[in-house]
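Thanks for coming, everyone. Let me put the model up, and then we'll walk through it.

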Amino acid sequence: MKSILTDIIASNKQVEQAEKVVTAAEINNPATKDSRRNFLRKTAVGGIALGGFMSMSTEDTIAQATSKVNRASKPSELKITDLRYCIVQNVGRTPIIRIDTNQGIYGLGEVRDGADERYALFLKSHLLGQNPCNVEQLFKSIKQFGYHGRQAGGVCGVEMALWDLCGKAYNVPCWQLLGGRYRDKVRLYADTPESNDINEFKEKIKFRTQDQGYTWLKMDVSIGMLRNNENSVVNNKFWGGGFSQWAGDYHSYANTKHPFTAIQITPKGLDEMAKVVEDVRSVVGYEIPLSTDHYGHFDLNNGIRLGKALDKYRLAWLEDMVPWEYTDQWKTISDALETPTLTGEDIYLKEGFKALIDKRAVDIVHPDLASSGGLLETKRIGDYAEDNGIAMAMHFAGTPVSFMANVHCAAATQNFLALEHHSVDVPWWESLVKTTDGRKLIDKGYAPVPLEAPGLGIELNEEEVKKHLNPKDKSFFAPTPDWNEKRSHDRLWS
């Protein structure tokens with residue numbers, strides 16, 4: 001009997017060795033599809049050759065499978081060894097970060113669009129040597145270094161990368177780590193295309209809805225469109241008449257909060273702004289939700305006047321009418337209008353949303369996952385809003401890395417409505433990454449949820465990313481040793 005077992009074992013070893021040679025050849029063959037290559041690699045990592053399965057007994061196969069299989073890594077022994085970055089020039093500058101480990105697997109994250117990669121690099125000394133799978137513990141240790149707006153970008157980018165790593169280590173999608181999914185595809189909302197020619201605009205809307213498949217649209221309704229209309233706005237000349245919301249010095253219109261500009265809209269101006277919405281609604285129809293944003297910096301009284309002028313068009317929401325921190329003003333606006341109100345893209349952590357939710361100051365919360373705290377914290381925000389009968393939409397304007405973090409979070413959050421996609425018309429945007437399970441990144445206005453792919457379910461298309469690096473910093477995941485040393489004692493209590 002012993003001789004027979006010895007022969008079987010020797011035979012199995014020969015078959016396994018032959019299979020390893022064949023498998024390696026197939027993996028290295030350029031003609032092998034990525035899905036097949038990934039399967040073969042997982043089989044090899046697991047330590048089980050296909051020939052072994054065919055020649056071993058059921059008992060031996062089960063014994064080997066349960067004792068040696070290791071699909072992605074040994075999670076308990078994972079250690080963070082580096083944090084590196086590159087900067088893509090997308091919607092402004094958008095840093096992508098990569099967290100490396102001692103086992104060769106890595107996680108991808110993203111610092112919010114328009115933010116500084118140093119928000120993430122600063123955290124490196126707090127992460128080195130730590131197990132990336134302890135996501136919540138690490139998040140609690142670094143969240144003190146985030147704040148509202150772009151200042152949260154480093155903490156959130158690291159949190160994304162940690163979940164990507166954890167998912168890869170345990171070979172499960174990130175949504176599974178968040179508790180499971182409510183949907184297999186995530187609804188997207190896209191900006192309406194712009195055109196002064198109504199016929200051209202109709203064709204663009206038809207392309208957006210019928211060809212691209214988007215079922216939810218958003219448009220700007222800004223006082224900037226009144227700049228050439230006499231007697232439409234009060235106090236515009238004092239601010240230079242440009243109404244730029246985005247750029248200017250400390251004393252500019254762009255950096256003056258809404259209650260402090262003394263800008264008012266005249267009845268003529270309100271009629272003009274309502275006419276633009278009416279024209280868009282007449283083309284889009286009423287089956288498609290139509291959201292609005294970027295009105296300009298004016299106080300809550302004018303916000304209410306504008307909201308009432310637009311109520312009849314049944315808009316999906318009025319977004320960021322005053323700064324998010326003015327909870328009582330939001331409550332006043334929401335109580336005065338029939339149209340749903342929404343804010344939140346610059347709020348950091350659930351604590352920042354609590355007052356708005358507790359007072360029912362808005363109808364919908366709108367976190368940007370790259371500012372709100374990452375995947376788990378954003379799900380917590382959504383869950384807290386759900387407990388109070390408030391829905392959640394999600395703001396997003398980055399690369400496919402942060403996009404996929406949003407997709408996993410949206411899949412795992414029940415009261416989710418729609419996720420913004422800000423690069424609908426950027427031809428190279430989707431090609432920045434490759435999905436690891438072969439699915440489309442976007443399909444007819446929806447983002448398919450990766451049902452099996454571990455982590456975020458993407459890898460960078462490195463050659464394409466290199467084509468779109470920020471012109472002022474074309475480094476590509478270079479070592480960052482200057483950020484290794486921890487020099488401060490940062491505990492917040494004594």
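How many bridges join strand E4 to strand E15, and do they run parallel or antiparallel? Three bridges, and the two strands run antiparallel. E4 covers residues 185-191, and E15 covers residues 446-448. One contact to find on screen: Val 186 has Ala 447 as its bridge partner in E15. Keep in mind that this is a predicted model.

Stay on E4. E4 is also joined to E13 by three bridges, and that pairing is parallel. There, look for Leu 188, whose bridge partner in E13 is Leu 419. E4 pairs with strand E5, residues 217-220, as well. That pairing is parallel too, over two bridges. In it, Asp 191 stands opposite Lys 218 of E5.

Now the aromatics. The structure holds nine aromatic pairs. One of them is Phe 396 with Trp 429, an edge-to-face pair. The centres are 6.3 Å apart, and the planes are at 70°. This pair links distant parts of the chain, with the two positions 33 residues apart. Phe 396 is in the loop between strand E12 and helix H17, while Trp 429 is in the loop between strand E13 and strand E14. Both Phe 396 and Trp 429 are buried. Separately, Tyr 189, Trp 216 and Trp 317 form one aromatic cluster.

Two arginines also sit over rings. Arg 98 lies over the face of Tyr 106, 5.6 Å from the ring centre. Arg 281 does this with Tyr 286, at 4.6 Å from the ring centre.

On to the cysteines. How many disulfides does the count come to? Zero. Take Cys 133: its nearest cysteine sulfur belongs to Cys 166 and is 4.0 Å away. The cut-off is 2.5 Å, so Cys 133 is in no disulfide. Is Cys 133 buried or exposed? Buried, because its relative accessible area is 16% and the limit is under 20%. Cys 86 counts as buried as well, at 0% relative accessibility.

Last stop, helix H16, residues 375-387. What span should its 13 residues have? At 1.5 Å a residue, 18 Å. The end C-alpha atoms are 18 Å apart, so the two values agree. Its buried residues include Leu 375, Leu 376, Ile 381, Tyr 384 and Ala 385. Glu 377 and Lys 379 are also among the buried ones. After H16 comes Gly 389, with a positive phi near 75°.

That's the tour. Questions, please.

Definitions and conventions: Residues numbered from 1 in each chain as written. Predicted model: local features only at pLDDT ≥ 70, side-chain atom pairs only at ≥ 80, totals over all residues. Heavy atoms only, no water. Buried < 20%, exposed > 50% of the residue type's maximum accessible area, 1.4 Å probe, protein only. Helix = DSSP H or I, 4+ residues; strand = E, 2+ residues; numbered from the N terminus. Expected span 1.5 Å × (residues − 1). Phe/Tyr/Trp six-rings, centres within 6.5 Å; stacked < 30°, edge-to-face > 60°. Lys NZ or Arg CZ within 6 Å of the ring centre and 35° of its normal. Pairing = 2+ DSSP bridges.
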